[in-house]
Protein chains: 2
Amino acid sequence: MLINGAPGSTINAEDRGLVYGDGVFRTLRMQAGRPVCWERQYAKLQRDCSALKLACPSALVLVSELQQLGKQQPDGVAKIVITRGLSARGYAPSAQSEPTRILSVNPATAYPPEYAKQGVRVHVCKTRLGHQLLLAGIKHLNRLENVLAASEWQDQDVPEGLLGDVSGFVISGTRSNLFMLRGNSLYTPNLSRCGVAGVQRDRVMDWAKQHGVTCKVADFHMEELLMADEIFLVNSLIGLWPVCELAGYRRNQHPMAWKIQEWLNDEHH
Amino acid sequence: MLINGAPGSTINAEDRGLVYGDGVFRTLRMQAGRPVCWERQYAKLQRDCSALKLACPSALVLVSELQQLGKQQPDGVAKIVITRGLSARGYAPSAQSEPTRILSVNPATAYPPEYAKQGVRVHVCKTRLGHQLLLAGIKHLNRLENVLAASEWQDQDVPEGLLGDVSGFVISGTRSNLFMLRGNSLYTPNLSRCGVAGVQRDRVMDWAKQHGVTCKVADFHMEELLMADEIFLVNSLIGLWPVCELAGYRRNQHPMAWKIQEWLNDEHH
């Protein structure tokens, strides 16, 4: 772990990242010691920092630190946390705050290979995401809703949960973005009121554009989701998991999801 | 600062308090080396821990640590942070997590004495609190909404901002609870959808009960607030501040607020 560029494992207990969750993060894969899909990841990090008026470290600094950490774990999972650092007491950020950057690379979790092929069973979470337009889409450090949702089920064979919002719209997995196929069109939930807009979601939308497949960002309910021809979840660590079981929904074949999965596996896309 | 009972100033950079805001806190005054209104503070801490299924440290441990810290700062401001500690990666908390407790006592901020007498000018925040029934009322570590709200104004003579929610109801100050007097009745916002229910709010409601004054928890809009006879803000650090200026509202006299203020100043109430 590198904290502001220096090897370490601790941060100041008054850091605003801890006391207010005042910061953002990204989780990404490393491949042969390099961060995968780096340009997209960095663009999101910049956008998220800017939404919170945080100074984003330069790509040069981040890449060099990730590569340094990648020497020990060339195919690990990298995490970048940027907090607003220290300030005088109180919620108002001070202009002089120096951001804290925490970079780590850990061994990747080995998921059962059938998750990517046959698909995953998904829990339907009771926790509903609240609406906050100022924070929607941002991967910030206020993640108690995800914690509550993820603590709803214990079944080890159910690797993800489905999150809806307070209006009853489908939003995402607890740590993944969601797509459904209906007919010839893909749909992914509107994340303008809540949720996190991840890099792999953008990539799937790019796939659709390049392959002449309509992909709509839309508000839809659980009942509509359950009528989908295919459902799949994406994030930078899992890649793409088709959904084989979710409430009343059952599927064994995921032809479109498998096609997109293959495309996503090539990071140059 | 004491971290899990030992002098220190840093925490593990993978602590769930930092990476997810998975924890709760309290801020309270010390007087002659002892925590003020301790029973009420501890009851709230227990309730908040329990809402997040966090193990709450015993009162015995916390008081003994606060008194230890209070030797250096007998009339300072204490902060207690309880996080879920470390866990395996991912949002789901593990049963084995040992909570992290961070206790500190710092010098109290000296506010201008006129804030408590003549009252304060209050900014009306554009930031609106989102609804999340599972987290409403809890003083948890996900405080980005408060950070955004507090960064809306810079005027040093305006020490607090008024927060509404996404439905347009008045909720609180950015770091204080709010009351209004209309006729002979007190009203304080309903905090079942958002906001933090502080110890001083409970005390004002107790004052009302003991003095035969009706105090209603209610949903009300800004326009109703501006027609109040008196408005005041409370928290454990500021005590009670009458509001002298807020959008179209102006008041020089705050007879009810002054009465309650005096009562609140005696911690045995």
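**Exercise 1. A sheet and its helices**

Strand β4 (residues 23-31) of chain B pairs with β5(B): state in which sense the two run and over how many bridges.

*Solution.* The pairing is antiparallel and extends over 2 bridges, where two strands count as paired if DSSP finds at least two bridges between them. Strands and helices are themselves DSSP runs, numbered from the N terminus (strands: E, at least two residues; helices: H or I, at least four). The structure is a predicted model, in which local features need pLDDT of at least 70 and side-chain atom pairs count only at pLDDT 80 or more, while totals for chains, interfaces and linings use all residues. Residues are numbered from 1 along each chain as its sequence is written, and chains are lettered from A and ligands numbered from 1 in the order in which they are written.

Next, take a single bridge, in which Met30(B) has Pro35(B) of β5(B) as its partner. Then widen the view to the open sheet of 6 strands in chain B, whose order is β2-β1-β7-β6-β4-β5 with antiparallel pairing. Its edges are formed by β2 (6-7) and β5 (34-35) of chain B, each of which pairs on one side only.

Finally, add the helices. Helix α2 (residues 38-51) of chain B lies across β4, β5 and β6 (77-83) of that chain, at about 175 degrees to β4(B). Helix α3 (residues 59-70) of chain B lies across β1 (2-3), β4, β5, β6 and β7 (100-106), at about 35 degrees to β7(B). These angles lie between N-to-C directions, from 0 to 180 degrees, of axes fitted to C-alpha atoms, for helices over the stretch in contact.

**Exercise 2. Where the two chains meet**

Work out how chain A is related to chain B, and which elements of chain A supply the side that touches chain B.

*Solution.* Start with the superposition: a rotation of 180 degrees, with 0.0 Å of shift along its axis, places chain A on chain B with an RMSD of 0.0 Å. The fit is by least squares on C-alpha atoms of residues with pLDDT of at least 70 in both copies. The two copies are therefore related as by a two-fold rotation axis. Both copies use the same surface, since 100% of the contact residues of chain A recur in chain B.

Now count the contacts: 39 residues of chain A are in contact with 39 residues of chain B, contact meaning that C-beta atoms, placed from the backbone, lie within 7 Å. At least two residues on the side of chain A come from each of β3 (10-12), α1 (16-19) and α5 (144-150), and α5(A) gives the most, with 6 residues.

Then look at the strands, where β3(A) is joined by 3 bridges to the antiparallel strand β3 (residues 10-12) of chain B. Within this pair, Asn12(A) stands opposite Thr10(B). Apart from neighbours within four places in sequence, Thr10(B) touches Thr10(A), Ile11(A), Asn12(A) and Ala13(A).

**Exercise 3. The two sides of a helix**

Decide which residues of helix α8 (residues 255-265) of chain B are buried, and which exposed residues its opposite face carries.

*Solution.* A residue is buried if 20 or more other C-beta atoms lie within 10 Å of its own, exposed if 12 or fewer, and partly exposed in between, with C-beta atoms placed from the backbone. By this rule Ala257(B), Ile260(B) and Gln261(B) are buried. Because they cover an arc of only 110 degrees around the axis, they are on the same side of α8(B); the arc is that of the directions from the helix axis to the C-beta atoms. The face turned away from this buried side carries the exposed residues Pro255(B) and Glu262(B). Among the elements covering the buried residues are α6 (199-210) and β15 (239-246) of chain B.

**Exercise 4. Two positive phi values**

Locate Cys37(A) and Ala247(A), and decide how far each is covered.

*Solution.* Most residues other than glycine have a negative phi. Cys37(A), however, has a positive phi near 50 degrees, and its place is the loop between β5 (34-35) and α2 (38-51) of chain A. Cys37(A) counts as buried because it has 21 C-beta neighbours inside 10 Å.

Ala247(A) also has a positive phi, of about 50 degrees, and it sits in the loop between β15 (239-246) and β16 (249-250) of chain A. With 13 C-beta neighbours inside 10 Å, Ala247(A) counts as partly exposed.

Definitions and conventions. Two residues are in contact if their C-beta atoms, placed from the backbone, lie within 7 Å.
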